Amino acid sequence: MYKRIPARCVAVGMYVHSFEGNWLEHPFWRSRLMVSDEATARRIREAGLSAVVIDEGRGATASCGSCACADVRSRAPSRTHDAVAPAAAPSRLSSDEARREASALLMRTKGLVHRLYDDAGSGIAPNPAMIEPLVRDVAECVERSRDILFHFGMMKRRDEYMHLHAVSVCGYMVGFARDLGMEKDMVLRLGMAGLLHDVGKARVDGAILQKRGPLTAQELRAMRQHPETGHGMLLESGNLPEEVYQVCLQHHERIDGRGYPHGHKGTHLSKAVRMSAICDVYDALTSQRPHKDACLPGRALRELEEMKGQLDAGLVESFSRSIRLPH
């Protein structure tokens, strides 16, 4: 049973099902959590939120009649919150558990990402309201175990590469940023950037995307338009973090200036862009693509290290540590 209560009424023992307001406004990684101590309750009360939804079936009930809590027991939580995975404390999952979590993540995200890209291909700008819970879902999975991303990658099929590559890069960006000690809001911004970095491919001819052999010069020019195409699409949607625009436009730029679309060098590339280039290349190397078989994660990391002059060497070293391949 769910009940919407003012944030000031949160108390120890309650189970928070969701936070009202923008996804970056509350101070917690997980959108669902048990309020296990007074310090946690106080952080929620002082976060500036208007209300939270509690699950009285999993925690203490609200007993604050004087503050006119809004009872929502008669209806289910909104679809926005339904897209978010149940929270759990970070733990080391077994290989089988991580595989099951990866399968569940695949099922939850596949339809949403297909819809996002299908809309983009039809000229409908990405909707932040649809993107935010998806990014948070991936972030919560990464918090539980990095092995989930490994198994997620193994489940991708060739014909799903474009859509599920977006989810993988989102996850790698989240894990990478967290290991670099970035603040929560920046971590989630970079997750969104990872999810949307290739959105411009929604308007590239499918025959080019699925071609098994090498691209012709004309096809290559069409493919290389996707960063600018995607950047324009995101500008239409508005209200997205600056990092999302940067990563979409520049994730194929390289430190030595030999990337595209503008040939910018390292000094002109933000940290977010340099991180995204690494995550993008790594997932591409470890994925089954129409024109190329996947390589093993260890080999992919070695290839990243060999791309000296193209990728930020210091960040490549940090990324290699963040992957934490399962034993």
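The following questions and answers concern a predicted model of a protein chain.

Reader: Which helix of the protein chain has the highest confidence, and which the lowest?
Author: The mean pLDDT of the chain is 83, and 85% of its residues reach 70 or more. Over residues 71–91, however, the pLDDT is below 50, although this stretch has 49 contacts in the model beyond near neighbours in sequence. The mean is highest, at 97, in helix α11 (residues 242–250), and lowest, at 36, in helix α2 (residues 79–82).

Reader: How many disulfides does the model contain?
Author: A disulfide is a covalent bond between the sulfur atoms of two cysteines. In the model, a pair of cysteine sulfur atoms must lie within 2.5 Å to count as one. By this rule the number of disulfides is zero.

Reader: Is Cys248 buried or exposed?
Author: A residue counts as buried when its relative accessible area is under 20%. Cys141, at 3% relative accessibility, meets this condition and is therefore buried. Cys248 has a relative accessibility of 0%, so Cys248 is buried.

Reader: Why does Arg178 count as partly exposed?
Author: Arg178 belongs to helix α6, and its C-alpha atom is separated by 9.8 Å from that of Val142, 36 residues away along the chain. The class "partly exposed" lies between the limits of 20% and 50% relative accessible area. Arg178 falls in this class because its relative accessibility is 28%.

Reader: Which element gives the most residues to the lining of the largest pocket?
Author: The largest pocket has a volume of about 840 Å³. Its lining comprises 33 residues, of which Lys201, Met223, His252, Tyr260 and Arg289 lie nearest its centre. Two or more lining residues come from each of α6, α8 (206–209), α9 (217–223) and α12. The element that gives the most, with four residues, is α6.

Reader: Which residue is joined to Tyr260 by a cis peptide bond?
Author: Tyr260 is among the residues nearest the centre of the largest pocket. The omega angle of the cis bond is about 15°. The partner of Tyr260 lies in the loop between α11 and α12, and that partner is Pro261.

Reader: Which element provides the largest share of the lining of the second largest cavity?
Author: The structure holds three cavities of 30 Å³ or more, and the second largest has a volume of about 40 Å³. Its lining residues include Leu149, Phe150, Tyr282, Thr286 and Pro297. Two elements, α5 (147–155) and α12, give two or more residues to this lining. The largest share, four residues, comes from α5.

Reader: Which backbone oxygen does the side chain of Thr286 reach?
Author: Thr286 is found in the loop between α12 and α13, and it is buried because its relative accessible area is 7%. Leaving aside residues up to four places away in sequence, Thr286 touches Met154, Ala294, Cys295, Leu296, Pro297 and Ala300. Its side chain also makes a polar contact at 3.0 Å, with the backbone oxygen of Tyr282.

Reader: Which residue has a side-chain oxygen within 3.1 Å of the backbone nitrogen of Gly314, at the start of α14?
Author: Helix α14 (residues 313–323) has several buried residues, among them Leu315, Val316, Phe319 and Ile323. The elements covering these buried residues include α6 (161–179), α12 (271–285) and α13 (297–306). At the start of the helix, the side-chain oxygen that reaches the backbone nitrogen of Gly314 belongs to Asp312.

Key: Residues numbered from 1 in each chain as written. Predicted model: local features only at pLDDT ≥ 70, side-chain atom pairs only at ≥ 80, totals over all residues. Heavy atoms only, no water. Buried < 20%, exposed > 50% of the residue type's maximum accessible area, 1.4 Å probe, protein only. Contact = heavy atoms within 4.5 Å. Polar contact = N/O pair within 3.5 Å; in protein donor to acceptor, adjacent residues only side chain to side chain. pLDDT = per-residue confidence, 0-100. 1 Å grid on protein atoms, 1.4 Å probe; cavity = no way out; pocket = protein on both sides within 12 Å on 5 of 7 lines; lining within 4 Å. Points joined across faces, edges and corners; volume = space filled by probe spheres on them.
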